[in-house]
Amino acid sequence: MPDESKETQSRKIEHIEIVLNKETQYRSKTTLFECIEVLPSGKRISGEDVDASTTLLGRKIAAPIFISGMTGGHPSTYEINKNIAVAASRIGIPMGVGSQRAMYEKHDLAYTYDVKKAAGDLILIGNMGATKLLKYDDRKIQEMLDSINADMLALHTNPAQESVQPEGDIDFRGVYSRICEVGKSIRQPVILKEVGNGISKEVAKRVDGKVYAIDVQGAGGTTWVGVETYRSKGAYGSAFWEWGIPTALSVLESKSAFHGPVWASGGIRTPSDIVKAVAIGADMSGMAKPVLVSERRKGAEGVYDYLNKLIMDFRNEVGSLGFSSMEELKNAEVKIGEPLASLLKQRGAIPKNMVNKEVQEIA
Ligand SMILES: Cc1cc2nc3c(=O)[nH]c(=O)nc-3n(C[C@H](O)[C@H](O)[C@H](O)COP(=O)(O)O)c2cc1C
């Protein structure tokens, strides 16, 4: 019988090297944040006077930004998680770890995710593939989270990735019922996340009231069909490279059907993306690949410098638009252009603060 835990470990290393060394971004599909314009308030505010802070689980965080879960499970990934955690803690934002499947299979690997001891105060988000829930036991999942002192659990659904992964798990039957069950049975708040293909309105509705938040991880950034296409040396997947719901559309679809927090992620790359995400109602915005790149460049210092500049530029942009807090930015008016405006109309997901109402009247 193959040693599953060895396979899981080496896959984690391959993923990192492929994301860092190959072209793994969507080629023609974008997040559609470029269709959104945030209208200025008319007030004059300096970036220095902008309070970018917000709260998560009753705790203050420096900005509505988090680091998406990426790694853990191979001895060499501890250093990466630790460096990211040190920077996240110093800045004051949450971070996720990658799938904890490796430690579920082999508890000796728990230390590769266990970064709070080295990093200090931090909101830490655990991670598990949703299909694994069909076989895994709630009590053991709870122990797995507690053993790294995780504050939340992100459950990732990734049907596109699994479908093209050589060793993918493609029996998804019963997966949403299990997500809802685990959302109740686990002490930590549960987030439903994708990995770059987005969450639809239908899925958001399915888990409404059952999980704490949705993290859309939509299309426009890293494509996991792309990553797996490299792993399979082109045997699977390239036809689905562009498959997925653009992040901005996925945020608004999710918000139209889900009553809890909705997080924007997948292709978030600039301060403007985050400004627009807040203005369309996303409670947080997350990034994966840019953080990995900055970690590879200069460890914890590289991640800190990258995030620190991102937040400074974000505050300057919010100030230039005339808003002094996240609460004010959430109430900004937005103009939405094509093709996003028509897609929102088709999907019945037009936000209340969209000012170009004439678009809504197009039959
Ligand atoms: C190297 C790497 C490993 C990842 N591993 C996981 C994982 O184990 N679990 C998960 O939920 N998402 C994982 N992701 C997906 C990210 O959380 C995110 O959804 C995706 O990369 C899109 O974000 P981006 O465009 O900012 O990179 C990984 C991403 C990267 C870059």
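Two exercises on a predicted model follow, one on its ligand site and one on its largest cavity.

**Exercise 1. Describe the surroundings of the ligand, from its shell to its polar contacts and its cover.**

Step 1. Collect the shell. A residue enters if one of its heavy atoms lies within 4 Å of the ligand. The shell holds 23 residues, and the closest are Lys-12, Ser-99, Lys-193, Gln-217 and Thr-222.

Step 2. Sort the shell by class. It has 11 polar, 7 nonpolar and 5 charged residues.

Step 3. List polar contacts to ligand oxygen atoms. From the backbone, an N or O atom of Gly-69 lies 2.8 Å from one. A polar backbone atom of Ser-99 is also 2.8 Å from a ligand oxygen. From a side chain, an N or O atom of Arg-269 is 2.9 Å from a ligand oxygen.

Step 4. Judge the cover. On its own the ligand has 600 Å² of accessible area, and the protein covers 97% of this.

Step 5. Place the site. The ligand takes up the space of the largest pocket. Helix H1 (4-21) and helix H12 (289-320) are the elements that give two or more residues to the shell.

**Exercise 2. Find the cavities of 30 Å³ or more and describe the lining of the largest.**

Step 1. Count them. There is 1 such cavity.

Step 2. Size the largest cavity. Its volume is about 60 Å³.

Step 3. Name the lining. It comprises 14 residues; Gly-69, Gly-96, Ile-125, Ala-154 and Lys-193 lie nearest the centre.

Step 4. Assign elements. Strands S4 (65-67), S6 (124-129) and S8 (190-193) each give two or more residues. S6 provides the largest share, with 3 residues.

Step 5. Sort by class. The lining has 7 nonpolar, 5 polar and 2 charged residues.

Technical notes: Residues are numbered from 1 along each chain as its sequence is written. This is a predicted model: local features need pLDDT of at least 70, side-chain atom pairs count only at pLDDT 80 or more; totals for chains, interfaces and linings use all residues. Side-chain values use heavy atoms; hydrogens and water are left out. A polar contact is a pair of N or O atoms within 3.5 Å; within protein, one must be able to donate a hydrogen and the other to accept it, and residues adjacent in sequence count only if both atoms are side-chain atoms. Accessible areas come from the Shrake-Rupley method with a 1.4 Å probe; for residues, only the protein chains shown count as cover. On a 1 Å grid over the protein atoms alone, a cavity is a set of points where a 1.4 Å probe fits but cannot get out, and a pocket is an open set with protein on both sides within 12 Å along at least five of seven lines; lining residues have an atom within 4 Å of a point. A molecule sits in a cavity or pocket if more than half of its atoms lie within 2 Å of its grid points. Helices (H or I, at least four residues) and strands (E, at least two) are DSSP runs, numbered from the N terminus. Ala, Val, Leu, Ile, Met, Phe, Trp, Tyr, Cys and Pro count as nonpolar, Asp, Glu, Lys and Arg as charged, and the others, Gly among them, as polar. Grid points are joined across faces, edges and corners, and a volume is the space filled by probe spheres set on the points.
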